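Here are my notes on the model, set out as numbered points for discussion. They start with chain A, turn to the contact between chains, and end with chain B.

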Amino acid sequence: MSTLKLIGKQQLKLIESLSNAVGVSGDEGEIRAIVMRELKDCADEIKIDPLGNVLVTHHSTDKHALKVMLAAHMDEVGFMVVEIDEEGYCRFETVGGIDIRYFPAKTVIVGKDHLPGVIGVKAVHLTQESERKTTMALESLRIDLGPDMAKKLKLGDRGTFATKFRKVGASLFGKALDDRLGVAVLIELVKNAPKNIELQVAFTVQEEVGARGARVAAYRFNPDIAFAIDCTPAMDFPVWDEQENTLYNTKLGHGPAFYVADAGTLSDPRLIRFLKSTAEKEEIPYQIRQPGAGGTDASAIHRQRSGIPSVSVSIPHRYTHSPILVARVEDLENTLRLLCATLSNIDRSILSGTR
Amino acid sequence: MANRTGDNGMKSLIQKLVETTGPSGYETVIREVIQNEINPEKGEVDALGNLIVRKGDKLAGGYRIMLAAHMDEIGLIASHVDENGFIRFNSIGGVRPHHLLGGRVRFMNGAEGVIGGDRLENQEKVHSLENLYIDAGFENEKTSTVKVGDVAGFVRPFLVLGNRLVAKSMDDRIGVAVLIEVLKQFKTSQHEVVFVFSTQEEVGLRGATTAAYGVDPDLGISVDVTLTGDTPKSSRMAVSLGKGPAIKVRDSGMISDPRVVRWMVQAAEKGKIPFQREILEGGSTDARVMQITRAGVPAGCVSIPCRYVHSPSEMVDYRDVQNSVKLILELIREPIHLERF
């Protein structure tokens, strides 16, 4: 795998198009099209399953090779239009976990044509002090598209924040980096697939609403082990009273984050140990995500059929599920390097090891 | 401790089980303890670590019965080691913070520690998890043998108070003890009996989910603890310690198959075994996921009444334990007729 190009111009261009594309849960078509375009000529098998997952298989040269599933979700959090009035105001509801405080005074894009809109707010001149201290109710917010543009919308159309991707120095700024960075990593992996394993890659749908795509993808693949490749918050900010920050989840620039426990999965200890020893051997920095809430596609995968040992590896980023996320190129590169090294060295003996 | 033939009966087995550390996802040690107990039965270990022991063949008219007791227990997981060596943590399973302060824990690598808490502005308040830490004697982060992601169980010695037995992890090592005893005493019948010592129950019945899929049973019974309503100012519940195994009618995750309930009641009456009917308003057991695996399975649960569940001092009555063994043996010995709802 030493020939692997890391994150160069071509990869950044792909990440840019993945970040700018809109794929709110249940409507992942734009992302699916990018994945299909990138991989249709380099996968042994590629298909779209009934829920819309893109399932890619890369065969091993060994018939009895370990079947390894990797999953990254194509969908992102956003909103759905639930009411349109004649003035062109749209009422909306959230899809996936968004803090509603993010919505007021933001530009958004809505529907298949990425129609631009704005979630308007009252001018400061006209508000009372008490109003400015409370969160606006979601029911009170409207997307303002103008009457002519709103005619092009349908109830049920989805949308998201109108953030354009930018690379600034070593940082990546964009919407939906959760989990388009994971999608980009898996596209690179398929293009450089190791031959020692049967590689089963799922680009999943509906993760943000409960890992629904991964559940059926795992049933179909029926793998021996699985890795969910996702993105996880870094809250490595200074604490206001200068005490030690003990609740950071992960830290930017500290490498891929391995999950031990979240609300949905207790990772298989054998897989955690294998990741750690690989990282140490290859001198790739890594971190353990602080055990706690949250969940990834692994939550659905490991419970499928008679059980699938699973672990999640996430790329740290700041400001999760907000209009703009920030990640570092080095974390992305280290995640890719780690996965390449891990997959090249893994074999059936992982399953007979003590937990 | 006395051996199995002495007056202590199952007590030395129970002590061994409850004094072993094995939080959800980290059941290797407790699984080995169980494997040693059931020797020469080996069993198989599935992808999520469930221990599965098959006894007998399914003959004409017989059932494949899955009996499940979970071997995991609630515990803690390190989330941060600070510069002075104090360990912040999160919970594994339903840990209540008010049971923690002053408690002791043991990590899987053997490190032990005590639980302390930040000074709270309002001393009347109970510490939340974020305000608690483990002091394992380390002076700084560098010398700590405990790292982020390491898992710990509670430490509390086994205690015998007459008929009452007290320990951490009675939930569900007492069910494990019952199944081990059933396994030892069970000869053969027309049924294939599959004993499952399941994993990850406390975090959402995960082990039993995949075990049930793999075993593909005709009938599923979990053996777990249930709450009681027999302590001062307890919530109202018609289950008491010492009045026999509780035959579950319903809990918040499952409605027992009425045919299974009827069959259990008849078996208890026939065997002159005391029993109680159980309706549990909060919580569920492995039977929930057995019932809805694949195309569906008739399921029920034999519960052992237990006070102070999910505290470090869970209390059961030894007579209930023995009667649970009797009831389950009675259930799997005879032909089963579940045709009519």
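1. In what sense, and over how many bridges, do strand β11 (residues 171–174) of chain A and β17(A) pair? In this predicted model, the two strands are antiparallel to one another and are joined by four bridges. One position in that pairing can be checked directly, since A:Phe173 has A:Val326 of β17(A) as its bridge partner.

2. These two strands belong to an open, three-stranded sheet of chain A with the order β10-β11-β17 and antiparallel pairing. The edges are formed by β10 (166–168) and β17 (325–328) of chain A, each of which pairs on one side only. From one strand to the next, the twist averages 25°. Helix α8(A) packs on this sheet, where it touches β11 and β17 of chain A, and its direction makes about 60° with that of β17(A).

3. Helix α8 (residues 329–345) of chain A also packs with helix α6 (residues 269–282) of chain A, at an angle of about 110° and with the axes 9 Å apart. Because angles of 65 to 115 degrees count as roughly perpendicular, α6(A) is described as roughly perpendicular to α8(A). The crossing of α6(A) past α8(A) is right-handed. On the α6(A) side the contact is made by A:Phe274, A:Leu275, A:Thr278, A:Ala279 and A:Glu282, and on the α8(A) side by A:Arg337, A:Leu338, A:Ala341, A:Thr342 and A:Asn345. Sorted by class, the residues in this contact are five nonpolar, three polar and two charged.

4. Chain A also contains a closed barrel of six strands, which runs β4-β5-β8-β7-β6-β9 with antiparallel pairing. Within the barrel order, I looked at the pairing of strand β7 (residues 115–119) of chain A with strand β8 (residues 143–144) of chain A, which is antiparallel and rests on two bridges. Here A:Ile119 stands opposite A:Ile143 of β8(A).

5. Turning to the contact between the chains, chain A contributes 17 residues and chain B contributes 24 residues. On the side of chain A that touches chain B, the residues divide into seven nonpolar, six polar and four charged.

6. In chain B, helix α1 (residues 11–18) and helix α3 (residues 170–185) have axes that come within 9 Å and cross at roughly 135°. That angle makes α1(B) oblique to α3(B), and the crossing of the two helices is right-handed. The contact takes B:Leu13, B:Ile14, B:Leu17 and B:Val18 from α1(B), together with B:Met170, B:Arg173, B:Ile174, B:Val176, B:Ala177 and B:Ile180 from α3(B). By class, the contact has nine nonpolar, no polar and one charged residues.

7. Strand β3(B) deserves a look alongside its partners, and six of its seven residues are buried. It runs parallel to β12(B), to which seven bridges join it, and also parallel to β13(B), to which it is joined by four bridges. B:Leu67 appears in both pairings: it stands opposite B:Phe195 in β12(B), and its bridge partner in β13(B) is B:Ile221.

8. Helix α4 (residues 206–215) of chain B is likewise mostly covered, with nine of its ten residues buried. Among the buried residues of α4(B) are B:Arg206, B:Gly207, B:Thr209 and B:Val215. The buried residues of the helix pack against β2 (51–55), β3 (64–70), β12 (192–198), β13 (219–226) and α6 (287–291) of chain B. Just after α4(B), B:Asp216 takes a positive phi of about 55°, and I would ask that this position be shown in a figure.

9. Is B:Ile332 buried or exposed? This residue, which lies in helix α7 (residues 318–333) of chain B, counts as buried because it has 23 C-beta neighbours inside 10 Å, where the cut-off is 20 or more. Leaving aside neighbours within four places in sequence, B:Ile332 is in contact with B:Ile65, B:Phe186, B:Ser189, B:His191 and B:Val193. For one of these, B:Ser189, the C-alpha atom is separated from that of B:Ile332 by 7.2 Å, although the two residues are 143 residues apart along the chain.

How values were computed: Residues numbered from 1 in each chain as written. Chains lettered and ligands numbered in written order. Predicted model: local features only at pLDDT ≥ 70, side-chain atom pairs only at ≥ 80, totals over all residues. Pairing = 2+ DSSP bridges. Contact = placed C-beta atoms within 7 Å. Nonpolar A, V, L, I, M, F, W, Y, C, P; charged D, E, K, R; others polar. Axes fitted to C-alpha atoms, helices over the stretch in contact; angles between N-to-C directions. Parallel < 35°, antiparallel > 145°, perpendicular 65-115°, else oblique. Left-handed = near helix turned anticlockwise from the far one by under 90°. Buried ≥ 20, exposed ≤ 12 C-beta atoms within 10 Å, placed from the backbone.
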